[in-house]
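Hello,

I am handing over the structure we talked about, so please open it alongside this note. Below it you will find what turned up when I went through it.

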Amino acid sequence: MVSKSWRDRLTYTAMSAFLAWHTAAIVIAPAPDVSRAAQAARVPFQQHLALLRLDSRWDFFAPYIALESEFRYVIEDKAGTNHLFRPTEGLNWFHPTFIWSWALSEAVLLYPESYTDSVAAYLCRKHAALHPVAITMLEAEIRYFTPEDHLAGKRPTDPEFVTEKTVKRLECAGA
């Protein structure tokens with residue numbers, strides 16, 4: 001039987017080896033793949049990184065924030081007037097309403113064939129006071145906005161920085 005002191009030493013050695021391995025993996029993981037040496041250094045750690053979902057690119061230190069699309073919709077009332085809505089505009093990012101609106105928007109933009117009909121029915125009921133006839137769902141692609149544009153008094157949502165495309169137009173029930 002192994003004595004307690006040997007068992008403690010073995011445990012300490014195993015934990016130290018794991019800590020050294022894990023630290024090396026974390027340091028090597030974000031290295032750019034510009035050389036064969038960097039690629040070769042990653043090979044022994046690849047499965048460890050993948051298992052713990054640590055396999056990322058160098059830019060996680062300063063990520064590139066991609067420009068995203070924004071969901072918008074237009075309600076057409078009985079008089080033919082169009083009312084534009086941006087569901088997440090002016091909402092606090094940490095409020096549940098923002099999270100719900102954002103999830104709804106993502107569902108419509110990513111899976112329009114699955115969600116547009118039910119979302120249109122919901123939005124027609126939500127805006128019943130406008131007496132909606134139809135709803136047009138839009139995807140607004142926001143273009144790159146520079147600090148110079150901001151200093152010039154422009155906003156990222158100004159028409160020159162946004163390209164809208166129609167996702168789907170649906171009639172409201174009972175219109």
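A good place to start is phenylalanine 71, whose bridge partner in β3 is glutamate 139. Strands here are DSSP E runs of at least two residues and helices are H or I runs of at least four, numbered from the N terminus. Two strands are said to pair if DSSP finds at least two bridges between them.

Before going further, some housekeeping: this is a predicted model, in which local features need pLDDT of at least 70 and side-chain atom pairs count only at pLDDT 80 or more, while totals for chains, interfaces and linings use all residues. Residues are numbered from 1 along each chain as its sequence is written, and side-chain values use heavy atoms, with hydrogens and water left out.

**The sheet**

Four strands make an open sheet with antiparallel pairing, and their order is β2-β1-β3-β4. At the edges are β2 (82-85) and β4 (162-171), each pairing on one side only. On average, neighbouring strands of this sheet are turned by 25° against each other, direction ignored. For such angles, axes are lines fitted to C-alpha atoms (for helices over the stretch in contact), and the angles run from 0 to 180 degrees between N-to-C directions.

Nine bridges connect β1 (residues 69-77) with β3 (residues 132-142) in the antiparallel sense. In this pairing, valine 74 has threonine 136 of β3 as its bridge partner. Helix α4 (residues 96-110) packs on the sheet, where it touches β1, β3 and β4, and its direction makes about 90° with that of β1. Contact here means heavy atoms within 4.5 Å.

On its other side, β1 pairs with β2 over four bridges, again in the antiparallel sense. Glutamate 76 has asparagine 82 of β2 as its bridge partner. The hairpin of β1 and β2 has four residues between the strands, and glycine 80 in this hairpin takes a positive phi near 90°. How enclosed is β1? Seven of its nine residues are buried, so β1 is largely enclosed by the rest of the structure. Buried means under 20% relative accessible area, exposed means over 50%, and partly exposed is in between (1.4 Å probe, protein chains only).

Another backbone detail is histidine 131, where phi is near 55°, a positive value in a residue other than glycine. Histidine 131 sits in the loop between α5 and β3, and at 47% relative accessibility it counts as partly exposed.

**Aromatic rings**

There are six aromatic pairs in the structure. Rings of Phe, Tyr and Trp (its six-membered ring) pair if their centres lie within 6.5 Å; planes under 30 degrees apart count as stacked, over 60 as edge-to-face and the rest as tilted.

One of the pairs is tilted, because the rings of tryptophan 21 and phenylalanine 45 have planes at 40°, with centres 4.4 Å apart. Tryptophan 21 belongs to helix α1 (residues 4-28) and phenylalanine 45 to the loop between α2 (36-42) and α3 (46-51), so the pair ties together parts that are 24 residues apart in sequence. Tryptophan 21 is partly exposed at 36% relative accessibility, whereas phenylalanine 45 is buried at 9%.

Tryptophan 93 and phenylalanine 98 form a stacked pair, 6.3 Å centre to centre with 20° between the planes. Here tryptophan 93 is exposed at 63% relative accessibility, while phenylalanine 98 is buried at 15%. Phe71, the residue this note began with, joins Tyr73 and Phe85 in one aromatic cluster.

**The disulfide**

How many disulfides are there? The count comes to one, taking a disulfide as a pair of cysteine sulfur atoms within 2.5 Å. The link runs from cysteine 124 to cysteine 172, with S to S at 1.9 Å. Cysteine 124 is in helix α5 (residues 112-126) and cysteine 172 in the segment after β4, so far as sequence goes 48 residues apart, and the pair links distant parts of the chain. The link of cysteine 124 and cysteine 172 is left-handed, with -60° about the S-S bond. Both of these cysteines are buried.

Happy browsing, and best wishes!
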